Amino acid sequence: MTNKTTRLALALAFAFGATLGVQSPAQAQANRAEVLHWWTSGGESAAVKELATAYTKAGGTWVDAAIAGGEQARAAAVNRMVGGTPPTAAQFNTSKQFLDLIDQGMLANVDVVAAANNWDKILPAPILNAIKIKGHFYAVPVDIHMPAWFWYSKAAFAKAGIASEPKTADELFAALDKLKAAGLVPLAFGGQPWQEKITFYAWLANVGGPDMYMKLYRDKDVNLPATPQFKAVLASFKKLHNYVDAGSPNRNWNDATAMVIAGKAGVQIMGDWAKGEFATAHQTAGKEFGCFPGFGPKSPYLVAGDVFVFPKINDPAQIKSQQLLATVFTAPATQVAFSNKKGSIPIRTDVDVKSLDLCAQQGVTIMKDVSRQLPTPEMLISPDLEGSLQDVITKFWNTNESVDDAAKAMSAALKNG
Amino acid sequence: MTSRRPLLRHLVAWAALLPMVATVLWVYVGSVLWSMRISVSSSRTLPIGDFVGLKQYARLFDSERWVLSLQNMALFGALFIIGCLVIGFLLAVFIDQRVRAEGVLRTIFLYPYAMSFVATGLVWQWMLNPELGLQATVRGWGFPNFTFDWIVRQDAVMLAIVVAAVWQACGLVMALMLAGLRGIDESLWMAARIEGIPKWRVYLSIVLPMLGPSIGTAFVLLSVSVVKVFDVVVAMTQGGPGLASEVPAKFIIDNLLVRANIGLASAASTVLLLTVLALLAPWFYARAHASRRAERVARALRASATQGATA
Amino acid sequence: MTVATSSTVADGRDAPASCANAPVARKPARLPRPARIGLYVFLATAAIAFLLPLYVMVVTSIKPMEEIRLGNLFAWPVKLTLAPWAQAWTSACTGLECGGIRVGFMNSLAIVVPSTLLSILLGALNGYALSFWRPRGAQAFFVVLLTGAFIPYQVMLFPLIRALAALGLFGTLPGVVLIHTVFGMPVMTLLFRNYYASVPHELFMAARIDGGGFWRIFVQLMLPMSLPIIVVAVIMQVTAIWNDFLIGLVFAGHDWLPMTVQLNNIINTTTGERLYNVNMAATLLTSLVPLTVYLVSGRWFVRGIAAGAVKG
């Protein structure tokens, strides 16, 4: 080989070899835990900081692995488990998302921590059902979110002459009419499939009632959609479409909240994470905006949440870290500090909630009434079926499909799922 | 002159091509075979080795969303490719007219290619939103009947996506065409002037055919984008309103990641691949046929040339 | 058709005096005045249309959130602020850390440089072998390779993850470089193969007669001749790999996450608040690297493909 060729070959070998020779930094830290989650915004970061600080204080080392987007983060966790480099803990939702992982034996259980901390007694039923699979605890819950609060702008209500929060569906429609007459956008809506899905099941829970809701999502009753009561719910749900503005399709949920914040729109149906947007705009609950969780004093409180699962790792040090994480996450002080920053409510009711905001305090009080707790659909049905139902709802919302056809499509989806 | 030691020469070439062969076999053929295997199983979040026959395929074609996604891809593909080729060609021709600030103009048309769609898609969503963007602005200028709400309409949302996609891709096509134009010999223009042929005729009848190769490469690159179109749809409309802007890649990825249904996703990607193969196979065959003919002609010419030389 | 090498690229300057007696010996001749005006009008309109999204991005990135919430997309900011840019670079939250996108910058460089080098080298090698040596059956492999370019990456993830894990490369820098090389192979091979197809075969035969072997001809003759197309390939690969998110996320492991992961974390929070001005600033900052590569080699880009690269 000539000089030039040799030089070229050496250069390339060097370039590639340089990448091979690069080593990751040494990892000899006490109770090292790599935690994979999807909390990446400013507010969420502050919340994670509470968890990390608590863990560090308990003698651990927190290595952060954040990936925005729930699906991306969960997929990354699964990919890493398949590839043999799993994180110490990975975030999921209280749902059926991680059941397949349990079936394939890829998750470790935390029964030890659950027994030591009395999880059976202190956790609400929907959460317990989501994390206790076949008698073992496979996930640690960190928060409870309610995906269907009604947020409203006090200025907009004042302008439209609405005196009090609506207590029934009819009162809501009356309020929306008043907002329309006042020249405001009555319902701030983001026309993305997941938002339409949330609005639908919130409407079903409030207007159809918890029994009908459970019949659909827990029992998967194929004959339910054909009943006139269910069709009535579908019809009144579609009626909401008259109160959204022409620009609602495709809109991000934050942009809809922005309309409420600016007083351009009256009401938004969105989860309690919306408080983050209000906080960024320096608005406080009870002052510039109000919140109510549903229609009337016995409205259902939809329970969703985030959990962390623990991939099965054969390293006793890692197992110790996992158990320490589980203990720290559920400790009362951590729960309060985290909920404060996150906008969620703690997973246990035996904590001091004076430092939480108005809406969160309301939520905690409601949670004490067990009859009002309602699990979100993802806790009851597989992601696949949830997706199929979402397709039905989004088509119904966005086209002129008749109520009968939508009901038929729903029955078909239930049958196939 | 005969080729020396053909076997050894082929061995060296094959040795150099080893990475390509390994890639083709291991990565592409291997993954496709694996994916096909999964498509006849009931895998959800993780691969399972059972066998359920063609159940996933039946479910696939029962799915309104999948059928719609194929239709959308066809519509998008036709408009996008034609749009990019035409606009790219026009831009290239116009820039080639020795305009001032050519470098600046070229950069202006190329910069969209540098940006990923995650943020630019959101900007397009805002701009095309009737309440927020162009429609509202033009109405504010005093044209109350101006409508530009494609993106919120079921029947027109794919057009909106085509607009954003063409914006991003036609700079590259323009560059390809411009280079092709620059490669055309001087004498052609002189001859045309002497003959008195009008400029536009020259472009249409002479230049365009000469740009055949550039157009061919652009076509391949654009086709790959059409089949894999995902980012622009997710960033602009998330497949909405409703299901109206669903595309195959999004269907596949949704089922892979969100709905924990990799059996269905694999079936969908197998169908997609077969569709692509069915469309490409005639083109590949025609190219291979043409090149083999050209090679035979070239070899014959070389043979006769050397014969003539040694005679 | 004549093979146009870089020496005969005409960028509109005067031709040599070979047609000295012709009335106007330039290509293409100037258009009459009204057509010229029409030309500029068309180009200016197109330029404005192309720049509109960029204008919105820039304007959004220098507005405070209160103004963005009001929704006046095209309005110039009332209270102009450069804080979002500083935030995007140094202090935007991407998880527990709030270090902006700066964190991943070096990682992205470490991934882009070897990936680009390797994928271009292999593309050139493949194109060279396919064009000149044409071993039997290689064409079939090339066709399959090109078909592979149409498959969405996500479909190939699981088997690739398992393969890399078996090799011990999953989550390492060499692993992600390897994946980028593999995924870049179809287009790079296409590019170089077409380029070499327009190089006269006689050149190659002459080199062989002179005693050149496979590697010698490649390194000493073909590579130096390919400079223009290499510049094209560099531009395409740098853009694709720098903006890549999925491959970096899956294969780079925790220590080598590229800048696009931070960018995604800033922009795509699921239920967190969205600071659009920071998002826009972060996107513009991320795109500066490929944009700079274009600006610097914009000339070569055009000239490179001009050198007969695209014979299809």
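This passage describes the chain interfaces, the salt bridges and two backbone features of a predicted model.

The contact between chain C and chain B involves 108 residues of chain C and 101 residues of chain B. The size of an interface is often given as the accessible area lost when the parts come together. For chain C and chain B this buried area is about 9,900 Å², of which carbon and sulfur atoms give 76%. No salt bridge is counted between these two chains, the number being 0, whereas 8 residue pairs are in polar contact, with both residues of each pair at pLDDT 80 or more. On the side of chain C that touches chain B, the largest share comes from helix α1 of chain C, residues 33-61, which supplies 16 residues. When the residues of this side of chain C are divided by class, 76 are nonpolar, 20 are polar and 12 are charged.

Chain B also meets chain A, and here 29 residues of chain B are in contact with 30 residues of chain A. The area buried between chain B and chain A is about 2,400 Å², with 51% of that area given by carbon and sulfur atoms. Between these two chains 5 salt bridges are counted, and 11 residue pairs across the interface are in polar contact, again with both residues at pLDDT 80 or more. Three helices of chain B, namely α4 (64-95), α6 (117-128) and α13 (248-258), each supply at least two residues of the side that touches chain A. Of the elements on this side, α6(B) gives the most, with 3 residues. The residues of chain B that touch chain A comprise 14 nonpolar, 9 polar and 6 charged residues.

Side chains of opposite charge can pair when their charged atoms come close. Over all chains the structure holds 28 salt bridges, and several of those that join chain B to chain A can be described individually. One is formed by E64(B) and K395(A), for which the closest N and O atoms are 3.0 Å apart.

A further pair consists of R59(B) and D384(A), with the closest N and O atoms 3.0 Å apart. Because R59(B) lies in helix α3 of chain B (residues 55-62) and D384(A) in helix α19 of chain A (residues 383-398), this salt bridge joins two chains. The partners fall into separate accessibility classes: R59(B) is partly exposed at 30% relative accessibility, while D384(A), with a relative accessible area of 15%, is buried.

Helix α19 of chain A also carries D391(A), whose partner R65(B) lies in helix α4 of chain B, so that this pair likewise joins two chains. The closest N and O atoms of R65(B) and D391(A) are 3.6 Å apart. Both side chains belong to buried residues, R65(B) having a relative accessible area of 4% and D391(A) one of 15%. The pair does not stand alone, for salt bridges that share partners join D391(A), R65(B), E246(B), K250(B), D254(B) and R259(B) into one network.

Within chain A, D357(A) forms a salt bridge with K275(A), the closest N and O atoms being 3.1 Å apart. This pair links distant parts of the chain, since the two residues are 82 residues apart, with D357(A) in the loop between α16 (332-342) and α17 (358-367) and K275(A) in helix α14 (residues 275-280). D357(A) is partly exposed, its relative accessible area being 27%, whereas K275(A) is buried at 10%.

Two residues of chain A other than glycine have a positive phi value. For N118(A), phi is near 60°, and the residue is placed in the loop between α5 (111-116) and α6 (119-122) of chain A. N118(A) counts as partly exposed, with a relative accessibility of 42%. For K134(A), phi is near 50°, and the residue is found in the loop between β5 (132-133) and β6 (136-137) of chain A. K134(A) is exposed, with a relative accessible area of 68%.

Terms used
Residues are numbered from 1 along each chain as its sequence is written. Chains are lettered from A and ligands numbered from 1 in the order in which they are written. This is a predicted model: local features need pLDDT of at least 70, side-chain atom pairs count only at pLDDT 80 or more; totals for chains, interfaces and linings use all residues. Side-chain values use heavy atoms; hydrogens and water are left out. Helices (H or I, at least four residues) and strands (E, at least two) are DSSP runs, numbered from the N terminus. Buried means under 20% relative accessible area, exposed over 50%, partly exposed in between (1.4 Å probe, protein chains only). Contact means heavy atoms within 4.5 Å. Buried area is the accessible area (1.4 Å probe) that two parts lose on being put together, summed over both. A salt bridge is a side-chain nitrogen of Lys or Arg within 4 Å of a carboxyl oxygen of Asp or Glu. A polar contact is a pair of N or O atoms within 3.5 Å; within protein, one must be able to donate a hydrogen and the other to accept it, and residues adjacent in sequence count only if both atoms are side-chain atoms. Ala, Val, Leu, Ile, Met, Phe, Trp, Tyr, Cys and Pro count as nonpolar, Asp, Glu, Lys and Arg as charged, and the others, Gly among them, as polar.
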